[in-house]
Amino acid sequence: MPGRRVVITGMGVVSPIGHTKEEFWAGLMEGKSGISLIDHFDVTAFPTKIAAQVKDFNVQDYIPRKEARRMDLFVQYACAAARMAMDDAKLTIQPDKAERTGVWVGSGIGGLETIEKQHTAMLQKGPEFINPFFIPMLIANMAAGQVSIMTGAKGPNGCTVTACASGSNSIGEAYQLIKSGKADAMISGGTEASVTPLGIGGFCALKALSVQNEEPAKASRPFDLNRDGFVMGEGAGILILEELEHALERGARIYAELVGYGASADACHMVQPDPEGKGAAQAFRMALAEAGVKPEEVDYINAHGTGTSLNDIMETRAIKEVFGDYSHNLLVSSTKGNTGHMLGAAGAIELIAAVLALTYDIVPPTLNLEIPDPECDLDYVPQNPRKAQLDIVMSDSLGFGGHNAVLVIRKFRQGI
């Protein structure tokens, strides 16, 4: 069904800079940093002592306490964000339409905190003390499963696990399900809660994390010459996608139209991207082709922009390859200076940032970009938001294993 159009009608956010889309957007506009010293556990022995933690989160605002106790934190975040997105969209799933509404929520790692706690219980007390819900609490697909249980959505249900591209890939898969006629509405996004001893320790072992512990708010520095690694973040972003006529029929507010999705593989290395950005460039081209958009029609890209030298230089090269001379006219920014890198939730939360940028015609800035890396020479909107007329916006996510995902949105016009 190539004529089916997909629109975004609701958004929910749990992030280090706010627990609603309004708080999240205000945080981006105000230059708020969600990065601070880790207080979830003792970080004395860790070279990295900072992260972008979700704070003041009360799960019982969204989920009954008894149900929440059987969920890992990453599932709680997803359920909370899904509840907010449903409320924002004013979408109630009627029994006769439940099989036409699905859920697709990705996570890069899943229930790492649950694994740690239950492994400790087994070692200290024995296997009989393992929680009976240990496995269903930790598996990455359980965010999608629990959201469907909570909302009554009985349509296509799944979870894409593609590391830091999980959120974008999940939204792309949900988009394709609506385009192909297999669903009329999808609850989709990404979630992560890996600020744990193993999560931080593992990335420290890779030497991927910033060690600028003295000034946490300035540690995440995408495209800056003095960047020294990414900062771990956590949270969830969930969007409501609907087929256009389904949304119009119920009088839904339409934030934007999702018009293109591209996905590719570097086929290069476990944790290092293709240095020339060929895989990322392919995903950009695929998304543009599906959207029917020329490179010079794009106004803004919310970049992956992790603040690692390998990513930032490669991503710059990929943009230049696809957009050519026009790349220097593009507005590009990374919001990871505010939120840290939310791993499997990053693509979803960053698409929400892109939707809000499109809504308000304001590009969120790249926080902490003070001395641009000479190899990163595009307009990365440093430090302060910028007013701009936006019509077509992209968001890209790049994950370990060489996974690349790109989404294209545009301002909604009914007659297009």
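Colleague: Where is Val381 found?

Modeller: Keep in mind that this is a predicted model. Helices and strands get their own numbers here, and Val381 belongs to none of them, as it is found in a loop. That loop runs between strand 11 and strand 12 (386–387).

Colleague: Okay, and is Val381 buried or exposed?

Modeller: Buried means under 20% relative accessible area. Val381 has 0% relative accessibility, so Val381 counts as buried.

Colleague: What is the phi of Val381 near?

Modeller: Here's some background: most residues other than glycine have a negative phi. Val381 isn't glycine, yet its phi is positive. The value is near 50 degrees.

Colleague: What about Leu343, is that one buried or exposed?

Modeller: Leu343 sits in the loop between helix 12 (336–339) and helix 13, and its phi is positive too, near 50 degrees. Its relative accessible area is 3%. The cut-off for buried is under 20%, so Leu343 is buried.

Colleague: Let's go to the largest nonpolar core. Which helix gives the most to it?

Modeller: That core has 46 residues, and Phe24, Leu241 and Ile409 have the most contacts inside it. Among the elements that each supply at least two residues are helix 1 (21–30), helix 7 (166–179) and strand 14 (403–410). With ten residues, the top giver is helix 13.

Colleague: How many residues are in the other core?

Modeller: This one lies apart from the largest core. Its members include Phe74, Met86, Val105 and Met142. The count is 35 residues.

Colleague: Why are the buried residues of helix 8 on the same side?

Modeller: The buried residues of helix 8 (residues 197–205) are Gly199, Ile200, Phe203 and Cys204. The face turned away from them carries the exposed residues Leu198 and Ala205. The buried ones share a side because they cover an arc around the axis of only 130 degrees.

Colleague: Which helix is included in what covers those buried residues of helix 8?

Modeller: A useful clue is Glu116, which touches Thr196, Pro197, Leu198 and Gly199, not counting residues up to four places away in sequence. Glu116 is found in residues 112–125, which form helix 4. The cover over the buried residues of helix 8 includes that element, helix 4.

Colleague: Glu116 is buried, so which side chain of opposite charge is nearest, and how far away?

Modeller: A salt bridge needs the charged atoms within 4 Å. Glu116 has none, although it's buried. The nearest side chain of opposite charge is Lys117, at 8.7 Å.

Notes:
Residues are numbered from 1 along each chain as its sequence is written. This is a predicted model: local features need pLDDT of at least 70, side-chain atom pairs count only at pLDDT 80 or more; totals for chains, interfaces and linings use all residues. Side-chain values use heavy atoms; hydrogens and water are left out. A nonpolar core is a set of buried Ala, Val, Leu, Ile, Met, Phe, Trp, Tyr and Cys residues joined through side-chain atoms within 4.5 Å. Buried means under 20% relative accessible area, exposed over 50%, partly exposed in between (1.4 Å probe, protein chains only). Helices (H or I, at least four residues) and strands (E, at least two) are DSSP runs, numbered from the N terminus. Lys and Arg count as positive and Asp and Glu as negative; His and the chain ends are not counted. Contact means heavy atoms within 4.5 Å. The arc is that of the directions from the helix axis to the C-beta atoms.
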